[in-house]
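Welcome to a short tour of one protein structure. Take a look at the fold below, and then we can walk through a few of its features together.

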Amino acid sequence: GTGVVDVRAARNPAGEELVAPAAHVDVHVAGEGEGVSALVADADAIVARPHVDVLRPTVPQVLKDLESLVTILTIDDEKPIRQSIRAYLEDYNFQVLEAANGSTGLEIFRRENPDLILVDLRMPEMDGLQVLATVKQESPQTPLIVISGKGVLADAVEALHLGAWDYMFKPIQDMSFLLNTVHKALEWAHLIQENRKYREHLEEEIAQRTKELELANKDLIWE
């Protein structure tokens, strides 16, 4: 079946409450190489949707001016997978950094502050779940997408609850699904950033108006 989650003043993947207009997010568990969408307030809202073929993806309008500035960190112990992801995303003008394990990945994350992270779950030294937990704690606004081998839905749900924004299964037979997932996460992160700026602007306006009213009240009292 097909499912849509309507998000109204819901919490975004960074754990913040949105004040933006209502939005709907398509959530699905798809075939090999596709993703499990985490752009929902609750990972338990996952529903099934049949495979749908898509054309070569286009760059969303909001990312057209930013894409050349976007840095993506891919963390995977399989070098051929890292290289294929890097080569594909660099064709779309992303800057891509690589790490062969979770420990190195966190070092690069802290040093380079990437805009988005792609991480495998099963790796030596430090697995993807540990990376998830650390990034969630240190930078909850950073989109993190899990790309891991075929597993049960429970793995995807656990990753989503730990802070993953999305989940895809390897091998990725159609890289356009990866690009679409990256675009969705970056657009959502952009919405979060705009929402935060809007909140800060409102708080500044309220503080300014409060100060003006207090001064006006004092003037009235002295008159």
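## Helix 3 and helix 4

Let's begin with a pair of helices: helix 3 and helix 4 run roughly parallel to each other, because angles under 35 degrees count as roughly parallel and their axes cross at roughly 20°. Those axes come within 9 Å. Please keep in mind that this is a predicted model.

Where do the two helices touch? From helix 3 (residues 128-138), the residues Leu 129, Leu 132 and Lys 136 meet Glu 158, Ala 159 and Leu 162 of helix 4. Helix 4 spans residues 153-162, and its residues Asp 155, Ala 156, Val 157, Ala 159 and Leu 160 are buried. Ala 159 thus appears twice, as a buried residue and as part of the meeting with helix 3. Just after helix 4 comes Gly 163, which has a positive phi, near 130°.

## Helix 1 and its buried face

Helix 1 covers residues 79-90, 12 residues in total. From first C-alpha to last, helix 1 reaches 16 Å, close to the 16 Å expected at 1.5 Å a residue.

Which residues of helix 1 are buried? They are Arg 82, Ile 85, Tyr 88 and Leu 89. Viewed down the axis of helix 1, these buried residues fall within an arc of 140°, so they line one face of the helix.

## Aromatic pairs

How many aromatic pairs does a search of the whole structure find? The search gives 2. One of them joins Tyr 88 and Tyr 92: the ring centres are 5.4 Å apart and the planes sit at 45°, so this pair counts as tilted. Tyr 88, already met in helix 1, is buried because its relative accessible area of 15% is under the 20% cut-off. Tyr 92 is buried too, with a relative accessible area of 8%.

Tyr 167 and Phe 169 also form an aromatic pair, this one edge-to-face, with 5.1 Å from centre to centre and 65° between the planes. Tyr 167 and Phe 169 are both buried.

## An exposed leucine in a loop

Our last stop is Leu 69, in the loop between strand 3 (35-37) and strand 4 (71-75). Is Leu 69 buried or exposed? With a relative accessible area of 62%, Leu 69 is exposed, because the cut-off for that label is over 50%. Leu 69 and Asp 115 are 46 residues apart in sequence, while their C-alpha atoms lie 9.1 Å apart in space.

Technical notes: Residues numbered from 1 in each chain as written. Predicted model: local features only at pLDDT ≥ 70, side-chain atom pairs only at ≥ 80, totals over all residues. Heavy atoms only, no water. Phe/Tyr/Trp six-rings, centres within 6.5 Å; stacked < 30°, edge-to-face > 60°. Buried < 20%, exposed > 50% of the residue type's maximum accessible area, 1.4 Å probe, protein only. Helix = DSSP H or I, 4+ residues; strand = E, 2+ residues; numbered from the N terminus. Expected span 1.5 Å × (residues − 1). Arc of directions from axis to C-beta. Axes fitted to C-alpha atoms, helices over the stretch in contact; angles between N-to-C directions. Parallel < 35°, antiparallel > 145°, perpendicular 65-115°, else oblique. Contact = heavy atoms within 4.5 Å.
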